[in-house]
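Dear colleague,

I am handing over the structure below, together with some notes on what turned up when I went through it. Please read them with the coordinates open beside you.

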Amino acid sequence: ASPPPAPAPAPAASAGTSATASASSSSSSSSASASASHSVARRGRGAREEGTRASQGTARRGGPEGGGTRVIATAVAIGIAIVGLIAGIHYYDHSNPDARRVGDSDTLAEWRGLSDMVNCEEAPRFDDETGKPLNEAGERIVEAAKSGASAPVTADDKGEGVLDAIPAVSIAEGKWKYVQIELTAPGEAPKRVVRNTAGLLYHPDMYQAAMDELAHLDGVRGHVIGGGRIVFDPERKYVSIYGYSKTFGRAPGCNEESAAIVRRAMPGHQVEWSDEGY
């Protein structure tokens, strides 16, 4: 008997296996592609989120120039503080008979030093007890106040009336030091005036302020005759002149003459004077 024939190969199974492998490969490829797509998408979202955070951070800082804005704000605050300190230098207690600035001497010296630095120039300084100048700026004012007289007037001189236009009295409300100044101009008879300015501490300061107001008048010069203190109450129409200047020394008759000048310039006011006190 002949042996049975060998079974034929099953091509269908091979085809199925090949199809399965192809499908698996295709599925793997699709998964890899999807994974790559998801990765790209995640990176895209991350970049967008980072950009959003950066934008929000910039907004919180006030824009790209937020740092510069903070610097400017700080500088403005410092400037305001310095101005406040300088303003304090000119603040006085009117109830103080010596018209001293509020604060002790050491603090005042520090404030004056700060004012000098801000103004980039040395301010005149004077001793509180003796009135003597303590620096070159103070010495220059005192020297000018003592030697400001111009050439004497002769009979042939004919002035232009410059001094006539200058008010004889200019005083501030309250209690302040004052100076009597003799003004001169070429060809004119001398004229004595009474001056003070609110907020100034020393007699030389009063003189300097008065002459600064007249600086636009050519040829007008002035020197201090003497000084003291004036109390001026405009509501009561009351003026009291007393004391003396430590810087310029006692000037007999100065307060009496100043009172006469004020009476002529301010009719209707009660004007008193004394050489007592300081």
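Are F126 and Y202 buried or exposed? In this model, which is a predicted one, both F126 and Y202 are buried.

These two residues also belong together in another respect. The count of aromatic pairs comes to two, and one of them is formed by F126 and Y202, whose rings lie 5.3 Å apart from centre to centre with 50 degrees between their planes, so that the pair is classed as tilted, given that stacked needs under 30 degrees and edge-to-face over 60. The pair links distant parts of the chain, since F126 sits in the loop between α3 (105-119) and α4 (136-146), while Y202 sits in the loop between β3 (191-195) and α5 (203-213), 76 residues apart.

The helices α4 and α5, each of which borders one of those loops, also meet: their axes come within 10 Å and cross at roughly 70 degrees, which makes α4 roughly perpendicular to α5. The crossing is left-handed, and the contact is made by I141, V142, A144 and A145 on the α4 side and by P204, Y207 and Q208 on the α5 side.

A further tyrosine, Y278, has two charged residues over its ring. R229 lies over the face of Y278, at 4.5 Å from the ring centre, and the charged end of K246 sits over the ring of Y278 as well, 4.6 Å from its centre.

With best regards

Note on methods
Residues numbered from 1 in each chain as written. Predicted model: local features only at pLDDT ≥ 70, side-chain atom pairs only at ≥ 80, totals over all residues. Heavy atoms only, no water. Phe/Tyr/Trp six-rings, centres within 6.5 Å; stacked < 30°, edge-to-face > 60°. Helix = DSSP H or I, 4+ residues; strand = E, 2+ residues; numbered from the N terminus. Buried < 20%, exposed > 50% of the residue type's maximum accessible area, 1.4 Å probe, protein only. Lys NZ or Arg CZ within 6 Å of the ring centre and 35° of its normal. Axes fitted to C-alpha atoms, helices over the stretch in contact; angles between N-to-C directions. Parallel < 35°, antiparallel > 145°, perpendicular 65-115°, else oblique. Left-handed = near helix turned anticlockwise from the far one by under 90°. Contact = heavy atoms within 4.5 Å.
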